[in-house]
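Here are my notes on the structure you asked me to look through, set out point by point. Please keep the display open while you read, and find each part as it is named.

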Amino acid sequence: MINAPLGTSAPASANPSNTALNSVSDNSRMPGFYDLPIEHRWASLLERGLLTEEELARLVYGGLTAHVADGLVENAIGLHALPLGIGLNFTINGRDHLVAMAVEEPSVIAAASNAARIIRGGGGFCAEVDAPIMTAQIEIRGVEDIDQATRAIEGDEPSLLELARAAVPRLVERGGGPRTLEIRAIDQGNLVVHVYVDCRDAMGANLVNTVAEAMSGPLCALAKGRPGLRILTNLTDRRCVRVGARIPFGLMDTPARRGAEVADGIAAASRFADLDPYRAATHNKGIMNGVDAVVMATGNDWRGVEAGAHAFAARTGRYRPLAVWHVVGAELHGALEMPLALGIVGGTTTFHAGARVALRLMGVTSSGDLACIAGAAGLASNFAALRALATDGIQRGHMRMHQRAVAHGLALSPPDSKAAKIQAI
Ligand code: MEV
């Protein structure tokens, strides 16, 4: 089932509490932004009404305080910061989005923005996302008669699902909840029941684990078995995003090469990844540069996303690329498919002010919107990496950015009084 594509839902600016603000830029092109001193970038975001002073202050200092951190994890002693930047030039399903990206690796944000600029020339990204279905796994051990157990569980499916719904009443009120179940025999005497739960705008780990624990007893009774594990799977293959891009050759011309040659090089690099798991791992790392940066900026669980992405990449029995590129006529076509279980409510977003501001800056109004943006950032990063590899190699651009970071780092000084004032807000 496909959700409404990104951009068809009401913009966040429709929210009465945000009426004074453009909560999303209607133009993700901000030429020259890259060259501005950081203070001028702040001023530009304020002038455009994309952030309030208070939001900016929260972002500048990471959106989390040591005291909030103390309530979150054990033995807290401080915070671990990462740079937060904006990916520019993204058009997704005909609508522009600024893309919040938290990442320490130089060149990731510049490369994704540059790729998005080229891709917007071909019409931008198209993206679609599955309904937000997560999977609970309930393991039943010591089942003597698998056929009897299967029949008993299948026969009781409606009341089992009723029980599952009763475990997550607030999710059901919001229009989500357990939808169906499936029985899988994974070994002699070992059954696993999958319960598929629509988590709406939450990532849903806690909801799904609650369902799994509530259903274990009744399922074991029906199967005449013993309880095993009761937990979500991070292989969230019912919650995938698919992103495409079409780039006319002419948009890839460089002073040294024709676009057709660049496109052939990118398609050949994609074939290499399809044939060789060693290359596919690095190819997918390049995709995750973009995906993880969005996942982290928005306070989502990047370990879960990583686990799901790589399990999905290996689902055919061979580890393969999450995105592929082909030459079609006089265009290069790219397509990415991967599971992306992201939330915009609950979890980290509840207490991480920076994550909430990042979501508002991007103008996302559903977990599906966020998955489309993260997927587009992944495909953009992949295109940028393959284009560099197929032409000059990555070292030239990468090292230039790295040296810039080092030079900047050496010049870093403690916050000045103006910054300290912002911190106090
Ligand atoms: C570096 O962070 C990512 C790349 O290695 C990805 C790739 O090789 O496709 C450049």
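1. Before turning to the sheets, it helps to know that two strands are said to pair if DSSP finds at least two bridges between them. Please also bear in mind that this is a predicted model.

2. With that rule in hand, one can trace an open sheet of four strands, whose order is 3-8-10-9 and whose pairing is antiparallel. Strand 3 (126-129) and strand 9 (323-328) are at the edges, and because each has a single partner strand, one side of each is left without a neighbour in the sheet. On average, and with direction ignored, neighbouring strands of this sheet are turned by 15 degrees against each other.

3. Within this sheet, strand 3 and strand 8 (residues 240-248) run antiparallel and are joined by four bridges, and Cys 126 can be found opposite Gly 244 in strand 8. Helix 11 (residues 302-313) packs on the sheet, where it touches strand 8 and strand 10 (331-339), and its direction makes about 115 degrees with that of strand 10.

4. Another open sheet of four strands has the order 5-6-4-7, again with antiparallel pairing. Its edge strands, each pairing on one side only, are strand 5 (177-187) and strand 7 (226-232), and neighbouring strands here are turned by 20 degrees against each other on average, direction ignored.

5. Inside that sheet, strand 4 (residues 133-141) pairs with strand 6 (residues 190-198) in the antiparallel sense over eight bridges, with Met 134 opposite Val 197 in strand 6. Helix 6 (residues 157-167) lies across strand 5 and strand 6, at about 120 degrees to strand 5, while helix 8 (residues 205-223) lies across strand 4, strand 5, strand 6 and strand 7, at about 35 degrees to strand 4.

6. Which residues surround the ligand? They are Glu 105, Arg 279, Thr 282, His 283, Lys 285, Gly 286, Asn 289, Ala 385, Leu 389 and Ile 394, and this shell divides into three nonpolar, four polar and three charged residues. Helix 10 gives the most to the shell, with six residues.

7. Looking at single contacts, an N or O atom in the side chain of Glu 105 is 2.7 Å from an oxygen atom of the ligand, a polar side-chain atom of Arg 279 lies 2.7 Å from a ligand oxygen atom, and for an N or O atom in the side chain of Lys 285 the distance to an oxygen atom of the ligand is 2.7 Å. Taken alone, the ligand exposes 300 Å², of which the protein buries 85%. The elements that give two or more residues to the shell are helix 10 (277-297) and helix 13 (367-390).

Notes: Residues are numbered from 1 along each chain as its sequence is written. This is a predicted model: local features need pLDDT of at least 70, side-chain atom pairs count only at pLDDT 80 or more; totals for chains, interfaces and linings use all residues. Side-chain values use heavy atoms; hydrogens and water are left out. Axes are lines fitted to C-alpha atoms, for helices over the stretch in contact, and angles run from 0 to 180 degrees between N-to-C directions. Contact means heavy atoms within 4.5 Å. A residue is near a molecule or strand if one of its heavy atoms lies within 4 Å of it. A polar contact is a pair of N or O atoms within 3.5 Å; within protein, one must be able to donate a hydrogen and the other to accept it, and residues adjacent in sequence count only if both atoms are side-chain atoms. Accessible areas come from the Shrake-Rupley method with a 1.4 Å probe; for residues, only the protein chains shown count as cover. Ala, Val, Leu, Ile, Met, Phe, Trp, Tyr, Cys and Pro count as nonpolar, Asp, Glu, Lys and Arg as charged, and the others, Gly among them, as polar.
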